[in-house]
Amino acid sequence: MTNPPPPGNWSDPTWSAQPSSPAPDPTLVAGQPVPTQAGPVDPYAPSPYATSPYAPDPYAPVDPYAGAKQPATQPIPGYAPGYPPQYPGYGYPQPPKTNGMAIAAFVLALIGFTSCITAPIGAILGHVAQKQIRLSGEGGAGMAKAAIIVGWILTGFLVLVILFYVAAIVYAIVTNNDSSSY
C-alpha cells in the first residue's frame with residue numbers, strides 16, 4: 001500500500017512512495033500468535049466447574065429400588081451421607097441470632113397501646129437490649145429501637161392523660177357548687 005503524494009509544492013520529509021516498515025503479520029499480536037477460534041463445544045463433556053470429585057454422576061441411570069438398598073458409595077468423612085460438602089462462600093450467610101430482650105421490649109411496647117403500663121417497661125428494656133446488642137453483635141437492633149420509640153411516645157401520652165385527669169379533678173373540686181349546704 002502506498003501513500004498519496006503530498007498536495008502542493010512543499011515536500012513532506014516523512015512521505016515516501018514506499019512504506020517505511022513491512023506490513024504487520026495478521027497472525028501475530030504483540031509478537032505472540034493469535035489463538036484460533038474455538039470449535040464446537042461438546043455439551044456432554046465434563047464441566048470444569050464440577051461440584052465435587054466425590055459427587056455422584058447426575059447422568060448415571062437411576063435404580064428405582066435404591067431406597068431399599070445400602071448406598072453403593074462410601075460417605076465423605078465429616079459430612080452426612082447423601083449431601084455434598086458445603087463450600088465456603090456459597091449460599092446465603094446465616095442471619096445473626098435475634099436478641100430475646102429486643103423481642104420482649106418490642107412486644108411490651110406494642111401491648112402498651114392497650115395497657116399503657118407496659119409501654120415504659122418496653123422502652124426501658126429496649127435500652128437494655130441495645131446495649132446487649134452492641135456488646136454481643138446479635139441481631140434485633142431495629143426492634144430495640146422501635147421499642148424505645150413506641151414505648152416513650154406511649155409513655156408520654158400516658159403522662160398527658162394522667163395530667164388531664166388530675167387537672168379535671170382539681171377543677172371539679174375548686175368549682176364545687178355543693179347545693180346541700182343551704
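# Exercises on a Predicted Protein Model

Among contacts in the protein chain between residues at least 6 apart in sequence, 54% join residues at least 24 apart. The model is predicted, and the exercises below work through its architecture, helices and surface.

## Exercise 1: The overall chain

Determine which elements the protein chain contains, in what pattern they follow one another, and what share of the residues is buried.

**Solution.** Step 1. The elements of the protein chain are three helices and two strands. Step 2. Along the sequence they follow the pattern β-β-α-α-α. Step 3. A residue counts as buried under 20% relative accessible area; by this criterion, buried residues account for 13% of the 182 residues in the protein chain. Step 4. The accessible surface comes to about 15600 Å², and 67% of that surface belongs to carbon and sulfur atoms.

## Exercise 2: Helix H2

Compare the expected span of H2 with the distance between its end C-alpha atoms, then identify its buried residues and what they pack against.

**Solution.** Step 1. The expected span is 1.5 Å times one less than the number of residues. Step 2. H2 has 19 residues and should therefore span 27 Å; its end C-alpha atoms lie 26 Å apart, which agrees. Step 3. Thr118, Ala119, Pro120, Gly122, Ala123, Gly126, Ala129 and Ile133 are the buried residues of H2. Step 4. These buried residues pack against H1 and H3. Step 5. After H2 comes Gly137, which has a positive phi, near 80 degrees.

## Exercise 3: Helix H3 and its nonpolar patch

Carry out the span check for H3, and establish which of its residues are buried and which elements are included in their cover.

**Solution.** Step 1. With 34 residues at 1.5 Å a residue, H3 should span 50 Å; the end C-alpha atoms are 49 Å apart, so the two values agree. Step 2. Ala144, Ala147, Ile148, Gly151, Leu154 and Thr155 are buried in H3. Step 3. The cover over the buried residues of H3 includes H1 and H2. Step 4. On the surface, a nonpolar patch is formed by Ile149, Ile153, Phe157, Val159, Leu160 and Leu163, with about 590 Å² of accessible area together. Step 5. One of the patch residues, Ile153, lies in helix H3. Its relative accessibility is 47%, so Ile153 counts as partly exposed.

## Exercise 4: The salt bridge

Locate the salt bridge of the structure and explain which parts of the chain the pair ties together.

**Solution.** Step 1. The structure holds one salt bridge. Step 2. Its partners are Glu138 and Lys97, whose closest N and O atoms are 3.5 Å apart; this is within the 4 Å cut-off. Step 3. Glu138 belongs to the loop between helix H2 (118-136) and helix H3 (141-174), while Lys97 belongs to the loop between strand S2 (32-33) and helix H1 (100-111), so the pair ties together parts that are 41 residues apart in sequence. Step 4. Glu138 is partly exposed, at 24% relative accessible area, whereas Lys97 is exposed, at 60%.

## Exercise 5: The aromatic pair

Find the aromatic pair, classify its geometry, and decide whether Phe164 and Tyr165 are buried or exposed.

**Solution.** Step 1. A search of the whole structure finds one aromatic pair. Step 2. Phe164 and Tyr165 form this pair, with 6.1 Å centre to centre and 55 degrees between the planes. Step 3. Planes under 30 degrees apart count as stacked and over 60 as edge-to-face, the rest being tilted; the pair of Phe164 and Tyr165 is therefore tilted. Step 4. Phe164 is exposed, with a relative accessible area of 57%. Tyr165 is exposed as well, at 52%.

Definitions and conventions:
Residues numbered from 1 in each chain as written. Predicted model: local features only at pLDDT ≥ 70, side-chain atom pairs only at ≥ 80, totals over all residues. Heavy atoms only, no water. Phe/Tyr/Trp six-rings, centres within 6.5 Å; stacked < 30°, edge-to-face > 60°. Buried < 20%, exposed > 50% of the residue type's maximum accessible area, 1.4 Å probe, protein only. Salt bridge = Lys/Arg side-chain N within 4 Å of Asp/Glu carboxyl O. Helix = DSSP H or I, 4+ residues; strand = E, 2+ residues; numbered from the N terminus. Patch = residues over 30% accessible without salt bridge, like charges linked within 9 Å, V, L, I, M, F, W, Y side chains within 5 Å. Areas by Shrake-Rupley, 256 points an atom, 1.4 Å probe, with all protein chains shown as cover. Contact = heavy atoms within 4.5 Å.
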